[in-house]
Amino acid sequence: MNGVVGIPQSLAQAGKDYLVDHGLETVELTSLKAADIIEQAPQVDALILLANPFNTVAALQLPNLKIIARHGVGYDNIDPLWLEQHGIWATITPNANASTVAETTLAVILDVSKNVTRSSIQMRNGNFAYRSNHMGFDLSGKKLGIMGNGRIGQMVAKKAAALDMDVLIYDPFAKATTVGTLVDRETLLREADIVTLHMAVTPENKRGIGAREFALMKKSGVLINLGRGALVDHSALIKALRSGEISQAALDVYDEEPLPMTSELYQLDNLLLTPHIASNTFESRSRMARDAASEVVRVLGGSQPQWPINHLG
């Protein structure tokens, strides 16, 4: 098999090996900005992309491009329909990171409910008594609101139910669920003690968690977002956390990554910030890399991809 594949320098070795073992040449991209990709690898037949934006104008400047394989499940950084119209496949890796993200979500839920990170920071600063007036709360009997009932949402529901949480689920496309109770959006926001976001970004829900939603939530409520930064209106979140409209939040994803050190989010002590680590395990990274690479091999070998998000011919 012949072909040149542009890959992130950080791509797990399992993905690099898969491509090379199938006879493909790889170009390790030191930058994933569209302009830099064009400069570094103008003749690529395929690209494996992370979450960096890649615009349609850039794709036009790669004349041999046949597939963009997303390393992950979100694809708001590309335009699948435009790519389809120009004969370029777009794919995702839907089975690679769901269990890992669900585990990380559970870890965050446990952290915020018991003040683990905040208490650790205070102890390191000599404030052993911090725990006295910063008590956590039990999860058993509390309501977890899951927005999005895809692979990750379903796994989170199963894990939360094992902690004796009452699981509420909102998903406009879900007809039934094996764990938890399907409810409407407002019911979930009003009743949930913790709200966690696991849906794709669409024109309808972009910045969909904002001032109105925070006003509906309990004052003791917690928002968790390990999905996409664009799901949340961060200005409204900052106001809600500062005013006590909700008690806590945890973010793993942002509009701009890395999150600039000038961001007001850093100033909030009731906000847990992590640097996009939801799928950051050796196993998950290896699965995503190999699955993305396998889609490239299928397409450059003349076959249809296994996990396309657009359709050609």
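**Two sheets, a pocket and a cavity in a predicted model**

Let me begin in a loop: Pro258 is located between strands E11 and E12. The peptide bond that joins Glu257 to this proline is cis, with omega at about -5°. I should say at once that what we are looking at is a predicted model.

The two strands on either side of that loop lead us to the first of two sheets. E11 and E12 run parallel and are joined by three bridges. Within this pairing, Ala250 has Leu272 of E12 as its bridge partner. The sheet to which they belong is open and has seven strands, in the order E8-E7-E6-E9-E10-E11-E12, with parallel pairing. Strand E8, residues 181–182, and E12 are the edge strands; each has a single partner, so one side of each is left without a neighbour in the sheet. Helix H7, residues 151–162, packs on this sheet and touches E6, strand E7 (166–170) and strand E9 (194–197). The direction of H7 makes about 170° with that of E6.

I now turn to the second largest pocket, to which E11 and E12 also contribute. Its volume is about 320 Å³. Seventeen residues line the pocket, and those nearest its centre are Thr117, Arg118, Ile121, Asp269 and Leu271. Which elements each supply at least two residues of this lining? They are helix H5 (98–114), helix H6 (116–124), strand E11 (248–251) and strand E12 (271–273). H6 provides the largest share, with four residues. In terms of class, the lining comprises nine nonpolar, five polar and three charged residues.

Between the two helices just named there is a loop, and Asn115 is found in it. Asn115 has a phi near 55°, which is a positive value in a residue other than glycine.

After H6 the chain enters another loop, which runs to strand E6 (143–147) and holds Phe137. What does Phe137 contact, once its neighbours within four places in sequence are set aside? The list is Val112, Ser113, Lys114, Lys142, Ile194, Val222 and Gln248. For a sense of distance, Phe137 and Glu103 are separated by 34 residues in sequence and by 20 Å in space, C-alpha to C-alpha.

Next, the other sheet. This one is open as well, with five strands in the order E2-E1-E3-E4-E5 and parallel pairing. At its edges stand strand E2 (25–29) and strand E5 (89–91); each has a single partner strand, so one side of each is left without a neighbour in the sheet. On average, neighbouring strands here are turned by 15° against each other, direction ignored.

Within this sheet, strand E3 (residues 46–49) and strand E4 (residues 67–70) run parallel, joined by four bridges. Leu47 stands opposite Ile68 in E4. Two helices deserve mention here. Helix H11, residues 282–300, packs on the sheet and touches E1, E3, E4 and E5, its direction making about 160° with that of E4. Helix H1, residues 13–21, lies across strand E1 (4–8), E2 and E3, and runs at about 175° to E1.

Ile68 also brings us to the cavity. How many cavities of 30 Å³ or more does the structure hold? There is one. The largest cavity has a volume of about 50 Å³. Ile68 is among its lining residues, together with Phe54, Asn55, Thr56, Ala59, Ile78, Asp79 and Leu83. By class, that lining divides into five nonpolar residues, two polar and one charged.

Finally, the annotation. In an unreviewed entry, UniProt places the feature "domain: D-isomer specific 2-hydroxyacid dehydrogenase catalytic" at residues 11–310. In the model, the end C-alpha atoms of that span lie 24 Å apart, and the span is 36% helix and 14% strand. UniProt, again in an unreviewed entry, also places "domain: D-isomer specific 2-hydroxyacid dehydrogenase NAD-binding" at residues 106–278. For residues 106–278, the end C-alpha atoms lie 10 Å apart, with 31% helix and 16% strand.

To close, I return to the starting point: the cis bond between Glu257 and Pro258, in the loop between E11 and E12. Those two strands are paired in the seven-stranded sheet, and each supplies at least two residues to the lining of the second largest pocket.

How values were computed:
Residues are numbered from 1 along each chain as its sequence is written. This is a predicted model: local features need pLDDT of at least 70, side-chain atom pairs count only at pLDDT 80 or more; totals for chains, interfaces and linings use all residues. Side-chain values use heavy atoms; hydrogens and water are left out. On a 1 Å grid over the protein atoms alone, a cavity is a set of points where a 1.4 Å probe fits but cannot get out, and a pocket is an open set with protein on both sides within 12 Å along at least five of seven lines; lining residues have an atom within 4 Å of a point. Grid points are joined across faces, edges and corners, and a volume is the space filled by probe spheres set on the points. Ala, Val, Leu, Ile, Met, Phe, Trp, Tyr, Cys and Pro count as nonpolar, Asp, Glu, Lys and Arg as charged, and the others, Gly among them, as polar. Two strands pair if DSSP finds at least two bridges between them. Axes are lines fitted to C-alpha atoms, for helices over the stretch in contact, and angles run from 0 to 180 degrees between N-to-C directions. Contact means heavy atoms within 4.5 Å. UniProt positions are given in the numbering used here, feature names are shortened, and annotations may be inferred rather than shown by experiment.
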